[in-house]
Amino acid sequence: MKLFVQIPCLNEQQTLPDVLKTIPKKVPGFESVEILVIDDGSTDKTVEVAKKHGVKHFVYHRTNRGLARSFTDGLDYALSHGADVIVNTDGDNQYPQADIPKLTEPILDGRADIVIGDRQTGQIQHFGTFKKLMQRFGSWVVNKAAKTNVPDTVSGFRAYSKEAALKMNIVNSFSYCTESIISAGRNRMAIESVPVTTNPPTRKSRLFKNIFQHMYKSGRVIAKSYFMHEPLKVFVIPGLTLLVVSAIPFVRYLVLTVGASDPGQHVQSLLLGIALFTAGLLFSVLGVLADLIKTNRITNEKILEHVRRQQLN
Ligand SMILES: Nc1nc2c(ncn2[C@@H]2O[C@H](COP(=O)(O)OP(=O)(O)O)[C@@H](O)[C@H]2O)c(=O)[nH]1
Ligand SMILES: [Mg+2]
């Protein structure tokens, strides 16, 4: 069994040595532990530092392509180099690398496809009350969309089985964390969480300038994933509701005008009815189209998985 530990890095020369020094050389259940650095267009000495510390596996992005792309390119590399399990950790040494065996154990045991390190954000000292509340709310929304029960949905400290990695398909260019949970949950993969501690912060997040930007960017990813997986709920339910509601002004118009001396008087009701009916029809048609696109996506994902499997043989 071969374990790959992948580290997406954007200018991490300061903290990468601490990460590399603390990754266990031996992990129970694996013959080898390989380290992979994904250099996402760093302009500092990230690559030199990694080489100095013995890293042999690299994925290079000539320009910055973002964390989501770095993550999926890392998975592809690890799979094509014989990985049985892939652990992701960050280059800022936020996560306790000594806990890597805790992440891999449920996969080796056959209980899980994906294991997520739960930072227990409710107890982290340097997180403010608002940030803690937002973390809980954000995770609640993701779990609703994914039909899962993951306490820390934005943790980047995770393990993926080869099976889970083969099925992974991330389409947003920003972060993989929530989208991969929604996709895995919808694909009925077994997701387990294990409590982990966190190291003191080494620097500010570079993914988000502040909590509001975090909410906006993550909200977009979650909403898009939800639309993609539940198009009928998102479009057809409001569509049918509008169609039913449009009957009210139509009936009102009919009741007031049949036999009336001046039928033109209630034309507003007629217009409102037409507007609601048209909107309802549009929503319903959009829902059906989006559902067809979803069917297409499922087929594409099956093909992607197939191609990946063939590449491994
Ligand atoms: N911010 C950012 N991080 C990237 C990018 N590409 C790779 N990374 C790496 O992704 C990891 C997480 O980034 P970080 O800023 O700590 O985000 P946070 O901990 O989720 O707030 C780090 O190891 C970065 O080096 C990118 O385009 N932007
Ligand atoms: Mg970080």
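## Overall picture

The protein chain here has 10 helices and seven strands. Its radius of gyration is 25 Å, well over the 20 Å that the globule rule gives for 313 residues, so the chain is more spread out than a compact globule. Keep in mind as you look around that this is a predicted model.

Taken along the principal axes, the C-alpha atoms fill a box of roughly 90 × 45 × 40 Å. Of the 313 residues in the protein chain, 35% are buried. If you look at contacts with a separation of 6 or more, 77% of them come from residues 24 or more positions apart.

## Around ligand 1

Now for the ligand. Ligand 1 is surrounded by 17 residues, and the closest are D40, D90, G91, S205 and R206. Two elements, β1 (2–9) and α3 (67–80), each supply at least two residues of this shell.

What sort of residues make up the shell around ligand 1, nonpolar, polar or charged? There's a bit of each: five are nonpolar, seven polar and five charged.

## Helix α3

Helix α3, which contributes to the ligand shell, is worth a closer look. It has 14 residues and reaches 20 Å from its first C-alpha to its last, close to the 20 Å expected at 1.5 Å a residue. Its buried residues are L67, A68, R69, S70, F71, G74, L75, A78 and L79.

What do those buried residues pack against? On the strand side of the list are β1, β2 (32–40), β3 (57–61) and β4 (85–88), and the helices are α6 (162–167) and α10. Just after α3, G82 takes a positive phi of about 85°.

## Where α3 meets α10

S80 sits in α3, and L312 belongs to helix α10 (residues 267–312). Setting aside neighbours within four places in sequence, S80 is in contact with Q311 and L312. Seen from the other side, and again not counting residues up to four places away, L312 touches L79 and S80. L312 and L79 are 233 residues apart in sequence, yet their C-alpha atoms are 7.5 Å apart in space.

Are S80 and L312 buried or exposed? S80 is exposed, because 11 other C-beta atoms lie within 10 Å of its own, where 12 or fewer count as exposed. L312 is exposed too, with 10 other C-beta atoms within 10 Å. By contrast, L79, the α3 residue that L312 touches, is buried. For another distance from S80, try N149: the two are 69 residues apart along the chain, and their C-alpha atoms are separated by 31 Å.

## Helix α8 and its two faces

Helix α8 (residues 211–229) has 19 residues and reaches 26 Å from its first C-alpha to its last, close to the 27 Å expected at 1.5 Å a residue. Its buried residues are S218, V221, I222 and S225. Why do they end up on the same side of α8? Because they cover an arc of only 95° around the axis. As general background, an α-helix has 3.6 residues a turn, so residues three or four places apart point the same way.

The buried residues of α8 pack against α5 (129–146) and α7 (177–186). Flip to the face turned away from the buried side and you'll find the exposed residues F212, Q213, Y216 and R220.

Note on methods. Residues numbered from 1 in each chain as written. Chains lettered and ligands numbered in written order. Predicted model: local features only at pLDDT ≥ 70, side-chain atom pairs only at ≥ 80, totals over all residues. Helix = DSSP H or I, 4+ residues; strand = E, 2+ residues; numbered from the N terminus. Expected span 1.5 Å × (residues − 1). Buried ≥ 20, exposed ≤ 12 C-beta atoms within 10 Å, placed from the backbone. Arc of directions from axis to C-beta. Contact = placed C-beta atoms within 7 Å. Near = placed C-beta within 6 Å. Nonpolar A, V, L, I, M, F, W, Y, C, P; charged D, E, K, R; others polar. Rg over C-alpha atoms; globule rule 2.2 N^0.38 Å.
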